[in-house]
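User: Please walk me through this model. I will ask short questions and would like short answers.

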Amino acid sequence: MRGLGDHLSIGERIAFYRKRRGYTQEVLAGLVGRSTDWLAKAESGRRKPPRIDMLAELARILRVPLGDLVGQSMLVEDERQQDDVPAVRDALMSPRRLSRLLFGPEADGQLPNPAPAAVRVEKAWNDYQGGRLGSVIAALPALLQAAQGLEERAGRREEDSHDCWAVSARTHHLAATTLAKIGESDISWLAAERAM
């Protein structure tokens, strides 16, 4: 939620994620062992924000990172402590993607197959669902490069073009969702457009 909801208070963030999960105030309050009145006051700012242990429990139940509830800026870095978002931006803005006219056609042997690419994309989706955004960001440049190869393959091979386009769309949807989650809205929109 970085970038999109920086103006929200902790209570407003709790309310946002509660509604997103489809919980009523009564349900969420019951799950954390508090009264509905306590939660209503916390969400509206009529009481101090919950203590960190309660925020951690709320984050667990709402299935969001604790940093999202407290409004902490998130920098997604890989194991080498390098920011991978520029690599994702480069993959989305690839010259081959933007202007294939400048490049000769690749040999069919170099183009990826949709089945193994689909497995890698689903693994990345599982990482996303598990809150492992750093792993997703690290995997995205290669996944986007494979998606672009699949699009080229789809243009040359009619027999598996549907699978190629489906994997490419799923990859770009993952990129758009992940980038929006970490507040990179400019390239998130680009990825979302390509997913369509």
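Analyst: Buried here means under 20% relative accessible area. The model is a predicted one.

User: With that cut-off, what share of the 196 residues in the protein chain is buried?
Analyst: The limit for a buried residue is under 20% relative accessible area. In the protein chain of 196 residues, the buried share is 41%.

User: How many helices and strands does the protein chain have?
Analyst: Along the sequence the pattern reads α-α-α-α-α-α-α-α-α-α-α. The count is eleven helices and zero strands.

User: Which helix gives the most to the largest nonpolar core?
Analyst: That core holds 26 residues, and Val88, Leu92, Ile137, Leu140, Leu174 and Leu179 touch the most other members. Helices α6, α8, α9, α10 and α11 each supply at least two of its residues. With eight residues, the top contributor is α9.

User: Leaving aside neighbours within four places in sequence, which residues is valine 88 in contact with?
Analyst: Val88 is among the core members that touch the most others. Beyond its sequence neighbours within four places, its contacts are Ile137, Leu140, Pro141, Leu144 and Leu179.

User: How many residues are in the second, separate core?
Analyst: Ala29, Val32, Leu39 and Val64 are included in this second core. Its size is 15 residues.

User: Are the planes of tryptophan 125 and tyrosine 128 stacked or edge-to-face?
Analyst: Both residues lie in helix α8, three residues apart, about one turn of the helix. Their ring centres are 5.8 Å apart and their planes stand at 80°. Planes over 60 degrees apart fall in the second class, so the pair is edge-to-face.

User: Is tyrosine 17 buried or exposed, given its ring pair with phenylalanine 16?
Analyst: The two ring centres lie 5.0 Å apart, with planes at 80°. Phenylalanine 16 is partly exposed, at 36% relative accessible area. Tyrosine 17 has 1% relative accessibility, so it counts as buried.

User: Which residues make the nonpolar surface patch of about 230 Å²?
Analyst: One member, valine 70, lies in helix α5, residues 66–70. Its relative accessible area is 33%, and it is partly exposed. Patch members need over 30%. The patch is made by Ile52, Leu66 and Val70.

User: What part of the accessible surface of the protein chain belongs to carbon and sulfur atoms?
Analyst: The accessible surface comes to about 10,700 Å². The carbon and sulfur part is 54%.

Methods. Residues numbered from 1 in each chain as written. Predicted model: local features only at pLDDT ≥ 70, side-chain atom pairs only at ≥ 80, totals over all residues. Heavy atoms only, no water. Patch = residues over 30% accessible without salt bridge, like charges linked within 9 Å, V, L, I, M, F, W, Y side chains within 5 Å. Areas by Shrake-Rupley, 256 points an atom, 1.4 Å probe, with all protein chains shown as cover. Salt bridge = Lys/Arg side-chain N within 4 Å of Asp/Glu carboxyl O. Helix = DSSP H or I, 4+ residues; strand = E, 2+ residues; numbered from the N terminus. Buried < 20%, exposed > 50% of the residue type's maximum accessible area, 1.4 Å probe, protein only. Core = buried A, V, L, I, M, F, W, Y, C linked by side-chain atoms within 4.5 Å. Contact = heavy atoms within 4.5 Å. Phe/Tyr/Trp six-rings, centres within 6.5 Å; stacked < 30°, edge-to-face > 60°.
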